[in-house]
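Visitor: I have a model open and would like to go through it with you. Could we take it piece by piece?
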Amino acid sequence: MENKKDKTEESKIKESSRRKFLKSGFAIGAGTVLAGGIISSVSKVQAETSGNKIKVLTTNGKVIEINKSILEEYKLKPCDHTAKNHAREGIPYRKFTMVVDIGKCNNARKCIEKCQEAHHLAPDQEWMKVYKMQESKEMAPYWFPKSCYHCDNAPCTDVCPVSATFKRSDGIVLVDSDQCIGCKYCMVACPYEARVFNWRKPDISDDVANQEYCPETSVPPKSGTVGKCDFCPDMIREKKLPHCVTACPNGAIYFGDIKEDVISNGDETVRFSEIMEAKSGYRYMEYFGTEPSTYYLPPVDRIFPFKDEKKTDS
Amino acid sequence: MKENKLYYGWLSVLGVFIVIGLVAIIRIFVEGHGALFHTDDRVPWTLLLAAYVFFVLTSTGVTLVASLPQVFGMKQFEPIAKRSIFIAIAALIAGFISMVMELGSPFKMVYYMISPNLASPIWWMGLFYGLLLVFLLVKFYKMHIGDWHSKFSKFLAVGTFIIEIAALSTLGLVFGLIEARPTFFGEYIQVYFLFTAFLSGLAAIMLFSLVYFKVTIGKIPEEQESLFNNIAKIFTAVIAITFVFTIWRATVGLYANRAEFSNIQFVLNSLPYQLEIFVGLMLPLGLMLVVKIRNSFTGKVLASTLVILGLALGRMHLLMAGQIVPIMPKLTIDQEILFYFPTIWEWVVSLFSFAVMFLIYTLGEKYLKLGDVPKKVA
């Protein structure tokens, strides 16, 4: 009996430890979950308390204490302009994902605005779009934010004749505008209309225009080439969340790493597998077999009543 | 003298289109497509790509016609073989011009060589059409120097035939592999391309040859009359096949409930489509079924002109049918149909490609004896 009580206590301590761990880890900054963030943030917390020992979160959700010397911390590199392949390889041991909680979206469009600002896009260029969805007149309408799905079986990368668009080991699909010939085949092949063409000379300052181009920043935009949501790999390398995630006032967009099984919207951090199971997460137009990296939580338990400003005004 | 007047008048007309086209091309490179073309992210492929498809399929078609004597031994077609090869070259060059103008960044074509994606049908299409041009040029040179039947010349003829089939297949795959767009996806387009390419080839060789005869000697040379009557018979059969194909396609579209097929109903109700069906297929088919008209000079010229115009509209509607229904979002009751009509600049650049093709052909007729036949036959 006593033994059983001890085990329950031990389990409570472990659970508490795991929560504390997550809390302290993420307290250092929103999105430290990303790209080695856990390891680096844990090391900072633990260094104060236990010398050479370090606590790490395993992929099955346990917190274990190990000797610091056996850990090799992954150094995050900034976008290296001298090595073209660097941007093509991706961040090792990661598989990034986006989860959109549709019930939290009220078409505030802050994600779109922040994305446009960060990538120097024209007002009519939206890498993140918000669609009004309504399957039939009898069914409730809802807002549906959508960017590039960074598919595992991406039709766009298959059809590009010059390999200007490519899939990385961390799941991100990028476009190298230096290499894009502007045939627009990827735009026609994408089942999600995720790609945006630079039809005109971009209206950007000289400072931006003179920046050295990097596929990870997608800046500066180049006329006659294709652009699209890049999951902000430059932000990830800085252990930050993508712009759209942090800009959303309602916390509708989560971003994280499937391998770590952790996603965050900047305010809360949750287990990817748990939220998928609890809220019946799904992928849009799954039947194409494209294996999108973006998941949706159905529009239930809405935090806002649906309001279509355009219709209200008219 | 009259001939000279006509010749220089024709060259002047072509010159005007070429100069205006060059102005448009410079503007495209300076200002970007968006400033001049009626295009956006949901209708990214424009009139120029339709023009490309039209030109390269016409080129493929006349090459198929040239293959009849050279690969399949139908000697009676030899008098049109050299002209066919030359029209194929001119049309292919016009096609390449249209494609380059459609590209947003054509100066980066070096990546086509240094960073090829072998999974991409466009890459293979570019390779095969590039090879086709090389084979056609060499083949034409061999014919021009009188070498029609040497081993190497036969190798070129067979090689050209195989490459053109490969090129046509990969062009079909460019559309047929787009799973996201049901009106493109599947093997229908490849079969449709094969028949319509042959149809456009027959129409082009008839039209170009007959106009040339009219301008130079005023009529079809007597020894070639039966040849052109036979071509007109084959032409009639291929129009009929294309017409049946088109009806099948329309029927499938009308029965389909899915929103992705709503474009077909929209297209069926559009004037360009109706022109294509009634004026570009049914009218010439009706004309060609009347033996007297089929065997007449005017009947052949009229029917082949109508078919070429109909096929040009067909290439356009095929391209648009796959694009005018937005593929996102699927779950909406407000399924919209996008509107696309080419701007004046798109027409100008497309007409530039036509003018270049006609210029090359005209100069060929003038200086390269396109009516040559092998010495034995002559």
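Guide: What follows is a conversation about confidence, helix packing, nonpolar cores and some individual residues.

Visitor: What are the overall scores of this model?
Guide: This is a predicted model, and its scores are ipTM 0.93 and pTM 0.87.

Visitor: And what is the mean pLDDT of chain B?
Guide: Chain B has a mean pLDDT of 92, with 96% of its residues at 70 or more. For chain A the mean pLDDT is 81, and 76% of the residues reach 70 or more.

Visitor: Which elements of chain A have the lowest and the highest mean pLDDT?
Guide: The lowest mean, 39, belongs to helix α2 of chain A, residues 37–47. The highest, 98, belongs to strand β3 of chain A, residues 96–101. In addition, the pLDDT is below 50 over residues 9–49 of chain A. That stretch nevertheless has 64 contacts in the model beyond near neighbours in sequence.

Visitor: How many helices and strands are there in chain A?
Guide: Chain A has 11 helices and 13 strands. Of its 314 residues, 54% are buried. Among contacts in chain A with a separation of 6 or more, 60% are between residues 24 or more positions apart.

Visitor: Let us move to chain B. At what angle do α8(B) and α9(B) pack?
Guide: Helix α8 of chain B (residues 188–216) and helix α9 of chain B (residues 225–255) pack at about 145°, and their axes are 10 Å apart. Their crossing is left-handed. The residues of this contact comprise 21 nonpolar, 4 polar and 1 charged.

Visitor: What about α8(B) and α13(B)?
Guide: Helix α13 of chain B covers residues 297–321, and its axis comes within 9 Å of that of α8(B), crossing at roughly 140°. The crossing of α8(B) and α13(B) is left-handed. In that contact there are 16 nonpolar, 4 polar and 3 charged residues.

Visitor: Which residues touch the most other members of the largest nonpolar core?
Guide: They are A:Phe144, B:Tyr129, B:Leu171, B:Phe175, B:Phe193 and B:Phe235, in a core of 170 residues. Helix α8(B) supplies the largest share of this core, 16 residues. Another core, of 15 residues, lies apart from it and includes B:Phe37, B:Met101, B:Phe352 and B:Ala355.

Visitor: Take B:Phe175. What is it in contact with?
Guide: Beyond its neighbours within four places in sequence, B:Phe175 contacts A:Tyr185 in chain A. In chain B its contacts are B:Trp45, B:Val53, B:Phe184, B:Phe185, B:Ile189, B:Phe193 and B:Leu319.

Visitor: Back on α8(B), is B:Gln190 buried or partly exposed?
Guide: B:Gln190, which sits in helix α8 of chain B, counts as partly exposed because its relative accessibility is 22%, and the limit for buried is under 20%. Leaving out residues up to four places away in sequence, B:Gln190 touches B:Leu168, B:Ser169, B:Gly172 and B:Leu173. Its C-alpha atom is 8.4 Å from that of B:Thr170, and the two residues are 20 apart along the chain.

Visitor: Changing topic: where is A:Pro191 found?
Guide: A:Pro191 is in the loop between α6 (185–189) and β8 (196–197) of chain A. With a relative accessible area of 3%, A:Pro191 is buried.

Visitor: What surrounds A:Pro191, then?
Guide: Apart from neighbours within four places in sequence, A:Pro191 is in contact with A:Pro155, A:Met285, A:Phe288 and A:Thr290, and also with B:Ala180, B:Ile327 and B:Met328 from chain B. The C-alpha atoms of A:Pro191 and A:Cys156 are separated by 9.1 Å, with the residues 35 apart along the chain.

Visitor: Which residues does the cis peptide bond join?
Guide: A cis peptide bond joins A:Val219 and A:Pro220, with omega about -5°. A:Pro220 lies in the loop between α7 (206–209) and β9 (226–227) of chain A.

Visitor: And what is phi of A:His120?
Guide: Phi of A:His120 is near 60°, a positive value in a residue other than glycine. A:His120 is in the loop between α4 (110–119) and β4 (129–133) of chain A, and at 28% relative accessibility A:His120 is partly exposed.

Visitor: Last one: what about B:Lys369?
Guide: B:Lys369 is not a glycine, yet has a positive phi of about 45°. B:Lys369 is in the segment after α14 (344–367) of chain B. B:Lys369 counts as exposed because its relative accessibility is 58%, and exposed means over 50%.

Key:
Residues are numbered from 1 along each chain as its sequence is written. Chains are lettered from A and ligands numbered from 1 in the order in which they are written. This is a predicted model: local features need pLDDT of at least 70, side-chain atom pairs count only at pLDDT 80 or more; totals for chains, interfaces and linings use all residues. Side-chain values use heavy atoms; hydrogens and water are left out. Axes are lines fitted to C-alpha atoms, for helices over the stretch in contact, and angles run from 0 to 180 degrees between N-to-C directions. Helices (H or I, at least four residues) and strands (E, at least two) are DSSP runs, numbered from the N terminus. A crossing is left-handed if the near helix is turned anticlockwise from the far one by less than a right angle, and right-handed if clockwise. Ala, Val, Leu, Ile, Met, Phe, Trp, Tyr, Cys and Pro count as nonpolar, Asp, Glu, Lys and Arg as charged, and the others, Gly among them, as polar. A nonpolar core is a set of buried Ala, Val, Leu, Ile, Met, Phe, Trp, Tyr and Cys residues joined through side-chain atoms within 4.5 Å. Buried means under 20% relative accessible area, exposed over 50%, partly exposed in between (1.4 Å probe, protein chains only). Contact means heavy atoms within 4.5 Å. pLDDT is the predictor's confidence in each residue, from 0 to 100.
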